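Hi everyone, thanks for coming. I'd like to walk you through a structure that is new to most of us, so let's bring it up on the screen.

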There are 2 protein chains.
Amino acid sequence: MRAPYGLNILDNCLTCPVREEHLFCNLSVQAGQRLNEIKSTAVYPKGAMLFIEGQQPRGVFVLCAGKAKLSTSSREGKTIITKLSESGDVLGLNSVVSNRPYEVTAEMMEPGQANFIPRESLIQFLKDNGEVALRIAEQLSRNYYTAYEEIRTLGLSSSPSEKFAKLLLSWSTKTSQNDGSSQVKLTLTHEEIAEIIGTTRETVSRLFSEFKKKQLLQLKGSTLIIRNRLALEKIVQS
Amino acid sequence: MRAPYGLNILDNCLTCPVREEHLFCNLSVQAGQRLNEIKSTAVYPKGAMLFIEGQQPRGVFVLCAGKAKLSTSSREGKTIITKLSESGDVLGLNSVVSNRPYEVTAEMMEPGQANFIPRESLIQFLKDNGEVALRIAEQLSRNYYTAYEEIRTLGLSSSPSEKFAKLLLSWSTKTSQNDGSSQVKLTLTHEEIAEIIGTTRETVSRLFSEFKKKQLLQLKGSTLIIRNRLALEKIVQS
DNA sequence: ACGCCTTCGTGATGGTGATCACACGCATAT
DNA sequence: ATATGCGTGTGATCACCATCACGAAGGCGT
């Protein structure tokens with residue numbers, strides 16, 4: 001398969017982002033080869049849709065480079081972002097395994113690259129390799145956990161402040177310093193943050209102001225500095 | 001293993017609730033026998049907790065008789081019910097497969113019976129029977145779908161009326177008549193309904209009044225009659 | 001029959017966040 | 001420079017629903 005958009009393709013992208021929880025690591029030699037045969041790699045520009053909510057599942061995408069956002073929308077146009085995916089993540093797995101329509105839309109937030117594995121091939125591959133099926137099951141149950149966290153956040157923590165604090169903390173843990181502060185490159189618009197925590201853009205703006213005033217965070221250009229982790233945890237407290 | 005609470009035990013409960021999506025149907029003879037060896041059956045009274053949020057996963061429960069509610073709570077005591085389980089459902093599967101703490105509490109809503117399969121035995125069983133692992137994966141992805149529906153409901157439909165209407169419809173579809181009305185035995189308290197749709201008891205009371213006045217539903221004793229399905233669907237519209 | 005507990009109905013009140021509106025800064029394009 | 005668009009800050013308003021409060025109705029044991 002030729003790559004769209006005329007960009008380069010890495011030869012073997014499946015192994016490039018080696019992460020602890022990577023699904024397709026440590027396979028037997030034959031399994032690895034088979035996987036290489038059925039996958040195809042492509043490059044996507046910013047804004048490209050890997051798949052769209054409601055489509056029949058064509059296959060899974062293994063993200064190699066770039067970030068993607070997973071979102072779902074109501075008829076009236078309200079949108080929630082359920083996950084920000086990074087390289088190594090496997091997208092569309094649930095739909096492919098259960099053969100139901102994609103439940104989310106996956107959109108590239110920046111130019112990137114992904115491996116595509118067609119549904120039929122993957123299912124056959126799993127039938128032939130029982131040990132991988134179990135690993136897939138593990139991955140699915142991890143996905144479930146994440147979804148459950150989301151449910152807890154949406155259902156139990158009522159106020160936007162709480163959810164905002166929770167989001168900041170989830171960013172903070174990735175880049176924690178020993179002195180309690182941490183820095184994150186802020187690539188999301190207020191609108192997008194609003195879609196993550198289920199509120200409006202205006203409220204997010206006000207939350208930023210409020211948290212700045214309370215010395216909880218600080219902004220230098222597009223760099224977000226989280227000042228007071230403990231205070232944030234106190235706000236969350238669920 | 002002896003049954004607690006001094007009640008009777010069915011000999012082979014695994015096969016009693018034969019449902020389309022039943023996990024452990026149509027197994028090979030050996031697999032079926034092995035499964036029978038590692039399972040144990042017990043009877044539970046109303047209010048019994050099969051497992052509690054946060055506990056290390058001991059194993060899965062296959063519900064044979066009785067209903068159970070799955071719920072999760074915040075520290076401040078707010079509770080949401082995420083699922084009402086019926087016979088045939090497999091509880092605790094996600095936690096067992098991913099070896100993380102139970103993410104919910106499972107409580108019997110009425111006296112019932114369940115098979116228990118210890119974690120270690122199940123995992124070994126799955127390793128030995130690759131084809132079952134794939135079926136487990138399918139089940140997990142169905143669970144994921146359900147969770148996703150919950151996220152959509154919580155995140156996208158803002159008003160309690162909308163969520164209430166959605167709940168009524170989900171009950172209605174199970175027992176639909178051809179004339180558009182349907183009857184359901186209402187076994188939940190307003191408090192529990194509130195925990196399902198994420199609002200307060202008082203609001204549920206008021207919703208009942210409001211919907212009665214609008215001729216959307218009717219109550220005869222504990223029998224709920226849903227009068228106007230289309231109007232409900234119009235309220236939902238997400 | 002009596003008290004006790006759970007469930008349910010409904011009024012009054014107040015806070016919170018969605019909504020609308022508009023202005024500003026800052027890109028990039030013309 | 002001017003235009004156009006996007007992302008952002010912030011004020012004013014208002015509906016909605018959580019909360020508190022209380023009473024009524026039913027179930028259950030003693």
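Let me start with a small puzzle: in S11(B), which residue is the bridge partner of Ser182(B)? It is Ile226(B). Before we see where that pair belongs, please keep in mind that what we are looking at is a predicted model.

So, the sheet around that pair. In chain B, three strands make an open sheet, and their order is S9-S11-S10, with antiparallel pairing. At the edges sit strand S9 (182-185) and strand S10 (217-220) of chain B, each of which pairs on one side only. From one strand to the next, the twist averages 25 degrees. Our puzzle pair belongs to S9(B) and strand S11 (residues 223-226) of chain B, two antiparallel strands joined by four bridges.

Now let's step back to the two protein chains. How do the copies relate to each other? As background, two copies of a chain are related by a rotation about an axis and a shift along it. Here, a turn of 180 degrees and a shift of 0.0 Å along the axis lay chain B on chain A, with an RMSD of 0.1 Å. The two copies are therefore related as by a two-fold rotation axis.

And where do they touch? On one side there are 36 residues of chain B, in contact with 37 residues of chain A. Looking at chain B's side, four elements each bring at least two residues: strand S5 (79-85), helix H2 (93-98), helix H3 (119-128) and helix H4 (130-156). H4(B) gives the most, with 20 residues. By class, this side of chain B has 15 nonpolar, twelve polar and nine charged residues. There is also a nice link with the symmetry: 100% of the interface residues of chain B are also interface residues in chain A, so the copies meet through the same surface.

Next, a sheet in chain A. Four strands form an open sheet here, in the order S2-S7-S4-S5, and the pairing is antiparallel. Strand S2 (49-51) and strand S5 (79-85) of chain A are at the edges with a single partner strand each, so one side of each has no neighbour in the sheet. On average, and ignoring direction, neighbouring strands of this sheet are turned by 30 degrees against each other. If you zoom in on strand S4 (residues 68-73) of chain A, you'll find six bridges joining it to S5(A), and the two run antiparallel. As one example, Thr72(A) stands opposite Ile80(A) in S5(A). A helix joins the picture here too: H6(A) packs on the sheet, where it touches S4 and S5 of chain A, and its direction makes about 95 degrees with that of S5(A).

Let's stay with H6(A) and follow it to its other partner. The axes of H6(A) and H7(A) come within 8 Å and cross at roughly 100 degrees. That makes H6(A) roughly perpendicular to H7(A). On the H6(A) side of the contact we have His190(A), Glu191(A), Ile193(A) and Ala194(A), and they meet Arg201(A), Thr203(A), Val204(A) and Ser205(A) of H7(A). Sorted by class, that contact has three nonpolar, three polar and two charged residues. Over in chain B, helix H6 (residues 190-197) and H7(B) pack at an angle of about 100 degrees, and their axes are 8 Å apart.

These helices come up again when we turn to the DNA. Starting with DNA strand D, 15 residues surround it, and the closest are Thr189(A), His190(A), Ser159(B), Thr199(B) and Thr203(B). Two or more residues each come from helix H6 (190-197) and helix H7 (201-213) of chain A, and from helix H7 (201-213) of chain B. H7(A) provides the largest share of this surface, six residues. In terms of class, the surface near DNA strand D has two nonpolar, eight polar and five charged residues.

And DNA strand C? Around it are 14 residues, the closest being Ser159(A), Thr199(A), Thr203(A), Thr189(B) and His190(B). H7 of chain A, together with H6 and H7 of chain B, each supply at least two residues of that surface. The largest share, five residues, comes from H7(B). The classes near DNA strand C are two nonpolar, eight polar and four charged residues.

That's my tour, and I'm happy to rotate the view for anyone.

Terms used
Residues numbered from 1 in each chain as written. Chains lettered and ligands numbered in written order. Predicted model: local features only at pLDDT ≥ 70, side-chain atom pairs only at ≥ 80, totals over all residues. Least-squares fit on C-alpha atoms with pLDDT ≥ 70 in both. Contact = placed C-beta atoms within 7 Å. Near = placed C-beta within 6 Å. Nonpolar A, V, L, I, M, F, W, Y, C, P; charged D, E, K, R; others polar. Axes fitted to C-alpha atoms, helices over the stretch in contact; angles between N-to-C directions. Pairing = 2+ DSSP bridges. Parallel < 35°, antiparallel > 145°, perpendicular 65-115°, else oblique.
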